[in-house]
There are 2 protein chains.
Amino acid sequence: MPTNWLDVEQQRAWRAYIVGTTLLLERLDRDLRESHGLSLPEYEILVRLSEAPERRLRMAEIADSVKNSRSRITHTVARMERAGLVDRVQCTSDGRGVYAHLTDTGHQRLVDAAPCHVASVRAALIDVVAKDELAALTRVFTAVADGLSPGTRDPILTAVSS
Amino acid sequence: MPTNWLDVEQQRAWRAYIVGTTLLLERLDRDLRESHGLSLPEYEILVRLSEAPERRLRMAEIADSVKNSRSRITHTVARMERAGLVDRVQCTSDGRGVYAHLTDTGHQRLVDAAPCHVASVRAALIDVVAKDELAALTRVFTAVADGLSPGTRDPILTAVSS
DNA sequence: TGAACTTAGTTGAAGCCTAAACTATTCCGG
DNA sequence: CCGGAATAGTTTAGGCTTCAACTAAGTTCA
């Protein structure tokens, strides 16, 4: 079967996307690190934990929600525990299970970092695109995620309420 | 100044984007590795070199075009050289300069990998998105890249010809 | 009950990336 | 021409990620 190459428009879209994403993720990570000593992956975990009932989640739930491997979550949570951002709590109902639980310190760290992070996201992405382009972005990446990981959508991506 | 938080639509867009991007980049990288033993960053470098005059670029040109640090390019090109994909050639006009030059092996490797990679990009992104959404994607990330790295746009992103 | 299988999570080694310091060369002003 | 500043690229160490192998606990089914 001959390759169905990308046409010029598609190639432009693809390259713009990788280049923009490389710059964007690097910037957000750097801003968080410099101002609050958090990496972007750590920040994302803090957010998920802060939104969870009792501020805790099973390791696998974290892994699923941020789309990282379990191994990676183990390592990252271990670092966060060393930094006092989370506790690890044995799950009583499942002897294999472990909860990562947001500490007060961790919560405060998130509260401190959030305004700065939101400002970065706005400055670099949200505020430089039109409303309808943002809507297109949502559709595009919802479709992408659904194609690559069907049936595991973030609740916020389907419900309108926070 | 009170934080200008993201509204629900903006939050949906942002989360869809990170989650989708995490899955997408991971998938493309994995596909390339498994089928052709290349990482996505390596593949991108091969593409840039293959398009360059005489199939060679200065280290800094590579770094700029893929938006990676020079240090990272040094490391990545060193690995690629070990793998026989590129040569390193001392620049005659500037004693400090080094060219990375695509070898025949490297070019063949790219030719072999390209159809597979394009198929992955199509399956995961291009073919799951409408034409106008793709155009929006281009606009969004061109704006993002321009905001974060003004004045260093990829030629393909401004010219219509390949 | 118990053997096989699955799931949750961890571990350790190897590879990749970052940051900062470093070498070598070129550029610029006097 | 010289000295200082800037540029090109490399190096090294340390941190992060991946991979494969591993432990431990739960599940299934005869």
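Tutor: Let's start with a term we will need: a polar contact is a pair of N or O atoms within 3.5 Å; within protein, one of them must be able to donate a hydrogen and the other to accept it, and residues adjacent in sequence count only if both atoms are side-chain atoms. The model is predicted, with local features requiring pLDDT of at least 70 and side-chain atom pairs pLDDT 80 or more, while totals for chains, interfaces and linings use all residues. Residues are numbered from 1 along each chain as its sequence is written, chains are lettered from A and ligands numbered from 1 in the order in which they are written, and side-chain values use heavy atoms, leaving out hydrogens and water.

Student: What makes the pairing of Arg58(A) with a phosphate oxygen of DNA strand C a polar contact?

Tutor: An N or O atom in the side chain of Arg58(A) lies 2.9 Å from that phosphate oxygen. That value is within 3.5 Å, so the pair qualifies. The side chain of Arg70(A) also has an N or O atom 2.9 Å from a phosphate oxygen of DNA strand C, and for Arg72(B) the value is 2.8 Å. α3 and α4 of chain A, together with α4 of chain B, each give two or more residues to the surface near this strand.

Student: Why are Thr74(A) and Gly95(B) said to be near DNA strand C?

Tutor: A residue is near a strand if one of its heavy atoms lies within 4 Å of it. Around DNA strand C there are 20 residues, and Thr74(A) and Gly95(B) are among those that come nearest, along with Arg88(A), Arg96(A) and Ser71(B). Of the strand's atoms within 4 Å of the protein, 75% belong to sugar or phosphate and the rest to bases.

Student: And which residues are closest to DNA strand D?

Tutor: Here 22 residues surround the strand, and the closest are Ser71(A), Arg72(A), Thr74(B), Arg88(B) and Arg96(B). α4(A) gives the most to this surface, with five residues.

Student: How do you know which part of DNA strand D Arg96(B) reaches?

Tutor: By looking at the partner atom: an N or O atom in the side chain of Arg96(B) is 2.7 Å from a base oxygen of the strand. With 2.7 Å set against the limit of 3.5 Å, we can call this a polar contact. The backbone takes part as well: Gly95(A) has a backbone N or O atom 2.8 Å from a phosphate oxygen, and a polar backbone atom of Val98(B) is 3.0 Å from a phosphate oxygen.

Student: Let's turn to the protein chains. Why is the pair Glu51(A) and Arg15(B) called a salt bridge?

Tutor: The term asks for a side-chain nitrogen of Lys or Arg within 4 Å of a carboxyl oxygen of Asp or Glu. For Glu51(A) and Arg15(B) the N to O value is 2.5 Å, so the pair meets the definition. There are four salt bridges between chain A and chain B, and 21 over all chains. The Glu51(A) to Arg15(B) pair crosses from helix α2 of chain A to helix α1 (residues 8–36) of chain B. Helices (H or I, at least four residues) and strands (E, at least two) are DSSP runs numbered from the N terminus.

Student: How do you know how much area is buried between chain A and chain B?

Tutor: The size of an interface is often given as the accessible area lost when the parts come together. Buried area is that loss (1.4 Å probe), summed over both parts. Between chain A and chain B the area is about 6200 Å², with carbon and sulfur atoms giving 71%. The contact (heavy atoms within 4.5 Å) takes 63 residues from chain A and 63 residues from chain B. Twelve residue pairs, both at pLDDT 80 or more, are in polar contact across it. α1(A) provides the largest share of chain A's side, 20 residues.

Student: What makes the relation between chain A and chain B a two-fold axis?

Tutor: Copies are superposed by least squares on the C-alpha atoms of residues with pLDDT of at least 70 in both. A turn of 180 degrees and a shift of 0.0 Å along the axis lay chain A on chain B with an RMSD of 0.0 Å. That is why we speak of a two-fold axis. The same surface serves both copies, as 100% of chain A's contact residues recur in chain B.

Conventions: Buried area is the accessible area (1.4 Å probe) that two parts lose on being put together, summed over both.
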